[in-house]
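The following explanation introduces a protein structure to a reader who has not met it before. It proceeds from the overall arrangement to the interior.

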Amino acid sequence: MDVDIISEEENPMLHRTDIRFETTHEEATPSRLSVRDSLAAKLDKDSEEVVVHELDTKFGMRKTIGYAKVYDSAADALDVEQDHMLERNKIGDEEPDAEEA
């Protein structure tokens, strides 16, 4: 999957950069997690610091337009992002039951 960044906008108050991007893919629309990992690799960031908000693929096209927020640290993402977005992007998923046993 090829990821091209269309625009970047700094947001220093929230310690992040808002990014619009375009991916070109061979098969079906890629998953949110695979897009997140590819975008993190392109930006040389950790996957926990990238939150993909939207992916839009037009029918029959092999291009997907998306919007993501890239944080300075994973802690910043946990502080700012809504719980459902963290859940969708699998950020902060730890095994709470493991310590209770």
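The paragraphs below describe the chain as a whole, then its surface and charges, and then its nonpolar cores.

The model shown here is predicted. The protein chain contains 4 helices and 4 strands. Read from the N terminus, these elements follow the order β-β-α-β-β-α-α-α. The C-alpha trace extends over about 50 × 35 × 20 Å along its principal axes. Among the contacts with a separation of 6 or more, 53% join residues that are 24 or more positions apart.

Of the 101 residues in the protein chain, 33% are buried. The accessible surface of the chain amounts to about 6,600 Å², and carbon and sulfur atoms supply 46% of this area. As for charge, the chain carries 12 positive and 28 negative side chains, and 9 Å separates the centres of the two sets.

Where does the largest nonpolar core lie in the sequence? This core consists of 10 residues, namely V3, I19, F21, V35, L39, A40, V50, V52, A68 and V70. Two or more of its residues come from each of β2 (16-24), α1 (32-43), β3 (50-57) and β4 (63-71). The greatest contribution is that of α1, which provides 3 residues. One member of the core, A40, touches K45, D46, S47 and V50 when residues up to four places away in sequence are left aside.

A second core, separate from this one, has 6 residues, including V51, M85, L86 and I91.

Note on methods. Residues are numbered from 1 along each chain as its sequence is written. This is a predicted model: local features need pLDDT of at least 70, side-chain atom pairs count only at pLDDT 80 or more; totals for chains, interfaces and linings use all residues. Side-chain values use heavy atoms; hydrogens and water are left out. Buried means under 20% relative accessible area, exposed over 50%, partly exposed in between (1.4 Å probe, protein chains only). Contact means heavy atoms within 4.5 Å. Accessible areas come from the Shrake-Rupley method with a 1.4 Å probe; for residues, only the protein chains shown count as cover. Lys and Arg count as positive and Asp and Glu as negative; His and the chain ends are not counted. The place of a charge is taken as NZ of Lys, CZ of Arg, CG of Asp or CD of Glu. A nonpolar core is a set of buried Ala, Val, Leu, Ile, Met, Phe, Trp, Tyr and Cys residues joined through side-chain atoms within 4.5 Å.
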